[in-house]
Amino acid sequence: MNSYDVTLVVPVYNVEQYLQECLDSIEAQTVFERCEVVLVDNGSTDGSYRLCAEFARRHANTTVLVRHGGGAGAARNLGMDRATSPRITFCDSDDVLPPTALERMLDASSATGAQVVVGAMETFPKPTNWAWKDHFGKGDRTFDSLAEMPELVHSASACNKLFDLSYLRSHGIRFAEGVHFEDAYVGVSALVLATRLALVDACVYRYRKRAAGNSTMDAIWTRRQNYWDHLQLVEYLHRLGAGLPENSKAVLDLFLVRSYQGFALRAPDLFRGAELEDIYSRCRAVYWGVSPDVIVRATADARHRVAYLAFLTGDFGLFADRAARLHKLSVRDGRPYLIGELPDQLAPLAQATPFTAHLEHVRRVPGTGTLRLSGRFEVSGMPMVRPLAGHLGLRVRGSRLSVPATQIRRRDLKNTRPDTEWGGFTADLPLDALRKGVHDLEFVIDSEGGQAVTPCLVAAGYLRGARVVEHGGTRVVPHWKGKNRAILMVSGTARRLARGIPGSLLVKDAKHVLRRRPFWKQRLLRLFTKPLKPLFLGRDIWLFGERGDTAQDNSWHLFRHARTAGKRRGAYYVIRAGSPDRARLAGLGHIVAHSSWKHKLLMLHASVLVNAYDIDTYMLPDGWDRTRYLKHLNWRVGARRVFLQHGVTDKDVSKGLHRNRTGVDLILAVSRREGRFLSEELGYEGQVGVVGFPRFDALVPERGGRTILFMPTWRAYLTVASYSRDGGGREMRQAMRDRFLASSYRDFMVRFLNDPELLAALDRYDYTLQFLPHYEMRAMVGEIVPERDRVRVIDQNEVSVQEAMRRCDLFVTDWSSTAFDVAYLGTPLVYAQFDAEEYWDGHYQKGYFDARRDGFGPVGETVEEVVGEVVRYMRGGCEREPGYLRRVENFFEYRDQQNNVRASEAIDRLVRELNH
C-alpha cells in the first residue's frame with residue numbers, strides 16, 4: 001500500500017538562484033513526511049540539478065527525474081505519470097509554499113471528497129488583486145459546480161490546487177507540451193468538469209513575480225508565439241465545452257473571452273496578411289456563438305470588445321484596422337457608441353465605455369481674463385489617431401456656461417498608447433462669466449444623435465498645478481470633491497471678505513481644521529504663522545533643493561548666486577543632515593535640514609519650489625503623504641514650481657515631463673531648439689525660459705591632467721530608481737541585479753574597461769581613464785572596473801560631476817545629456833551608443849536630437865569602434881574638430897556666464913505674477 005497521501009511535482013529549469021528557497025518551503029511542510037516529491041529537471045545548465053540531487057539525498061521521499069525538451073508541460077506530465085499517491089499538486093521551482101499549504105488542502109480533500117481543492121494564491125514581492133480572489137475570505141466551502149463561483153475559472157494555474165489523480169486520468173487531463181500557458185489545460189479543464197469542488201480559505205501558494213525579464217509573462221504581448229499558443233488553448237477548451245451543461249459552458253466562455261482579449265486587441269499590431277487572417281478565422285470559429293452579454297461581462301472595456309464584435313459580425317476589416325473603420329461616435333440616450341447601426345443584442349458590444357475626461361492643468365492666460373483648462377479624454381474603443389468627428393465642449397454646472405473645447409495632439413499620450421494620440425483637449429472660460437459658488441465641470445461630445453456627457457476628474461498634474469486665480473473681483477480655486485471630481489470654487493477676493501462671502505478660503509480653512517481633515521495641523525499652523533513670515537523668513541521664499549542628499553547641480557549653483565550676488569534673504573536650501581554635500585553650502589547661510597521643523601514651516605509659506613529633479617519626490621518632508629499633500633495642502637500654499645532640469649532635454653521624455661503631468665510653472669532650457677521642443681511637444685507654452693543652465697556659468701575648463709572621463713547614463717530597466725516610492729523591495733532589487741548581470745550594458749562596460757588596445761594606449765600616451773557611474777547605477781557597477789593604475793572609479797561624494805567634467809581632456813558617454821555640458825566646455829567627446837534598440841525601447845524615446853546628425857563628436861556602436869575613436873583622440877592630443885565646434889556654437893543660445901542672472905530674473909517675474 002502506498003504510504004504517501006500526495007505527490008508534489010516540481011519542474012526545474014535554470015532557477016538556481018530561487019530553487020533553494022522553493023525546496024526549503026517544501027521541506028518545511030507540516031505534512032512533509034506524507035508527501036512524495038518528484039523533481040523533474042528539464043535540462044538545466046546552471047546548478048539547479050545539483051541542488052535537486054542534494055535535496056533527494058537528504059530525503060527518501062524525493063525522486064529526481066531528468067528529461068530534455070517539451071517545456072514545463074512535459075516535465076509536469078512526466079511527474080504525473082510517475083506519481084504513486086492518490087492526490088497530486090504542482091509547484092514551480094521559483095515559487096514558495098506556505099508551511100501548512102499541503103496540510104490544509106489534504107484535510108479539505110479528505111473531508112469533502114472533492115475532485116479539485118482550490119486555495120488562495122498570493123504574489124510577491126508585490127500583491128496582485130485577481131477578481132477570483134473575491135471568493136475567499138468567507139471560510140472553507142464546498143461546491144457542486146464551478147457555476148456557483150464563476151470567477152474562479154480565471155484561477156487557471158495548477159499550482160494552487162490539489163487534484164484527485166484518478167479524476168485527472170479518467171478524463172485524460174494533461175498539460176500541453178512545448179507551449180506556454182500549459183497550466184490552463186489542467187487548471188481550467190479540471191475546474192469546469194468537476195462535480196465536487198472544495199475551497200480552502202487560506203493562502204496555499206506564493207507566486208514569485210520575477211522582474212528579471214525572462215518570464216513568459218514579461219513579454220506576453222510582444223512574443224508572437226504567445227498568440228498562437230494561447231489560441232491553441234482556447235480552441236482546446238472550446239472543444240471541451242461542447243459537452244458541458246449550459247451553465248458550465250457559460251463559465252468556460254468567460255475564460256475563453258477574458259483570457260484572449262489582450263491578444264485579440266493587439267494581434268493586428270504584430271501580424272499582417274495571411275497570418276492575421278488565420279488568427280481571425282480561428283477566433284471567429286471559437287467566439288461566434290458566445291453570448292454578447294458574456295463578452296461584455298468578460299472584457300475590460302469597449303477597446304477590448306471591438307475584436308469580439310468583429311468575430312460575431314464576420315467583419316474582418318473591423319478586426320484588422322479599427323482606426324480605418326471607427327472615427328465618428330453615435331449617441332443614443334446620452335450614451336456614446338462606436339457604431340450606430342447594430343441589432344439590439346449586439347449594441348452593448350459597441351457602447352464606448354468607459355468614457356472619461358481628466359483635467360490636468362488650469363491657468364489664467366497671461367494678460368487676459370481667460371481661464372484655460374487642459375486635460376485628456378478617452379472614449380474607450382475609439383482610436384484617437386486623428387481628430388474626432390463632432391464637437392467637443394466643456395460645461396460649467398451652476399454658471400450656465402458651456403464653451404467649445406479644442407482637441408489636441410499629445411506626444412505623451414501617444415507614447416503611452418498610440419491610439420490615444422489625439423486625446424488631449426483645451427477649453428477657455430471667460431472669468432467674468434463665472435458665478436459665485438462651487439461648480440462641477442463636465443466634458444461634452446456633441447455627435448450624431450445627441451450629446452454624451454461625462455464628469456471631469458482630477459489628474460495628478462491638476463493637483464500639482466492647482467493655484468488660486470484672481471481676476472478683478474473674482475477668485476477661482478481649482479479643486480476637487482468626492483471621488484476625484486474636478487470643481488471650480490468661485491468667490492470674491494480677499495478685499496471683499498467684509499461683505500461675508502461663504503466660499504472664502506478662510507472659511508474653508510476653518511472647516512478643514514474643525515473636521516480634522518488630512519494636513520489640518522499644517523493648515524492651522526500656516527494661518528497662525530503667515531503674519532510673521534515676512535519678519536522671520538522673508539517676504540518671498542525661494543526653497544531650493546536637489547535630490548535629498550545632493551548639492552551639485554543647477555539648484556546649488558542658482559542658490560549660491562541668490563545668496564551671494566543676488567543677496568536674496570528669502571532663499572533657502574533643503575538637504576539631509578548627514579549629506580557630504582552640505583560642505584559645499586558652507587558659508588551661504590539658510591541651509592535647512594531635510595524634514596526638520598523649519599523645512600516643514602518653509603513648505604507652508606514658499607512662493608516657489610526650485611529643483612533640478614522631481615519636486616514631490618525630493619522636497620516633501622518625510623512622512624508627508626504625496627497624494628494627501630497635493631489634495632489638501634499644495635493648492636492652499638500655492639507655491640509656483642520651477643524645474644531647472646538636470647540635463648538638456650534632447651530625448652522624448654514626455655511621458656514623465658509633459659506639463660500636464662508635472663504642474664511645473666517654469667522650466668529652463670539652454671537653446672531655442674530645446675525650448676521649442678518643450679513648448680510645442682511637452683506642453684510648456686509660455687512657460688519655458690531659454691536662459692541657459694545655472695551650472696554652465698561655472699563650466700570653465702581645467703584640462704591638461706591627461707584624463708579621459710567615461711560617464712554613461714543609467715537604464716531604468718536595470719535598476720530600481722532612487723525616486724521609487726516603495727524602494728522596490730529586496731526581491732525587486734535582486735531581480736534587477738540579475739537583469740543587470742545579463743545585460744548588454746554590463747557587457748559593454750566590462751569589455752570596454754578591459755580592452756587591451758585601450759589599456760595599451762593609456763600607457764603609451766600617458767592618460768588615465770576615470771569611470772564615473774551614474775547616481776542611479778552606483779550600486780550596480782562597482783565591481784566591473786579592473787584593478788589597474790590607469791583605470792579608476794570616481795566617487796560622486798568626493799568629486800562632483802561638474803568638477804570631473806571640467807578637468808577631463810576627453811569625454812566618453814553613451815546617451816547622457818552631460819554630453820551637452822562637455823560640448824559647452826569645448827572638450828572633445830565620443831558617443832558610445834552600443835544598445836540603441838534596448839535603450840529606446842526600455843528607457844527613453846527618440847526626441848529631436850540625433851547624435852550622428854547633430855552631435856558634438858563621433859559615434860561608436862561597438863567596443864572596437866569606441867576604442868578606436870578614443871585612441872585616435874589620444875594620439876592627436878585630444879583636439880576637437882572644427883565641424884563639431886560649429887555645431888556647439890549653433891546649438892547654445894548663451895555662453896556668457898550670465899545664466900544665473902537670467903534664471904533669477906525669470907523666477908522673479910513668476911513671483912511678481914503671483915503677487916499681482
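## A salt bridge within helix 35

In this predicted model, Arg872 and Glu869 both belong to helix 35, which spans residues 863-875. The two residues stand three positions apart, about one turn of the helix. Their side chains meet in a salt bridge, with an N to O distance of 2.7 Å. Arg872 counts as partly exposed, because its relative accessibility is 33%, between the limits of 20% and 50%.

## Other salt bridges

The structure holds 65 salt bridges. One of them connects the side chains of Glu681 and Arg411, at 3.1 Å from N to O. Glu681 lies in helix 26 (residues 672-681) and Arg411 in helix 15 (residues 411-416), so this pair ties together parts that are 270 residues apart in sequence. Both ends of the contact count as buried: Glu681 has a relative accessibility of 18%, and Arg411 likewise has 18%.

A further salt bridge links the side chains of Asp229 and Arg223, at 3.9 Å from N to O. Here Asp229 counts as buried, at 3% relative accessibility, whereas Arg223 counts as partly exposed, at 32%. Salt bridges also form a network, which links Asp581, Arg584, Glu702, Glu803, Arg806 and Arg807.

## Cis peptide bonds

Most peptide bonds are trans. A cis peptide bond nevertheless joins Phe124 and Pro125, with omega at about 10 degrees. Pro125 is placed in the loop between strand 5 (116-124) and strand 6 (141-143).

A cis peptide bond also joins Thr353 and Pro354, where omega is about -5 degrees. Pro354 is placed in the loop that runs between helix 14 (347-350) and strand 11 (355-364).

## Residues with positive phi

Most residues other than glycine have a negative phi. Asn14 is not a glycine, yet its phi is positive, at about 50 degrees. Asn14 lies in the loop between strand 1 (6-12) and helix 1 (16-27), and it is partly exposed, with a relative accessible area of 28%.

Phe181, also not a glycine, has a positive phi of about 60 degrees. The loop that holds Phe181 lies between helix 5 (165-170) and helix 6 (183-193). Phe181 is buried, because its relative accessible area of 15% is under 20%.

## Strand pairing around strand 17

Strand 17 (residues 450-458) runs parallel to strand 11, and three bridges join the two. In this pairing, His358 has Leu457 of strand 17 as its bridge partner. Strand 11 (355-364) also borders the loop in which Pro354 is placed.

Strand 17 runs antiparallel to strand 16 (residues 437-447), to which six bridges join it. Glu442 has Pro455 of strand 17 as its bridge partner. Strand 16 and strand 17 form a hairpin with two residues between them. Gly449, in the turn of this hairpin, has a positive phi of about 105 degrees.

Terms used:
Residues numbered from 1 in each chain as written. Predicted model: local features only at pLDDT ≥ 70, side-chain atom pairs only at ≥ 80, totals over all residues. Heavy atoms only, no water. Salt bridge = Lys/Arg side-chain N within 4 Å of Asp/Glu carboxyl O. Buried < 20%, exposed > 50% of the residue type's maximum accessible area, 1.4 Å probe, protein only. Helix = DSSP H or I, 4+ residues; strand = E, 2+ residues; numbered from the N terminus. Pairing = 2+ DSSP bridges.
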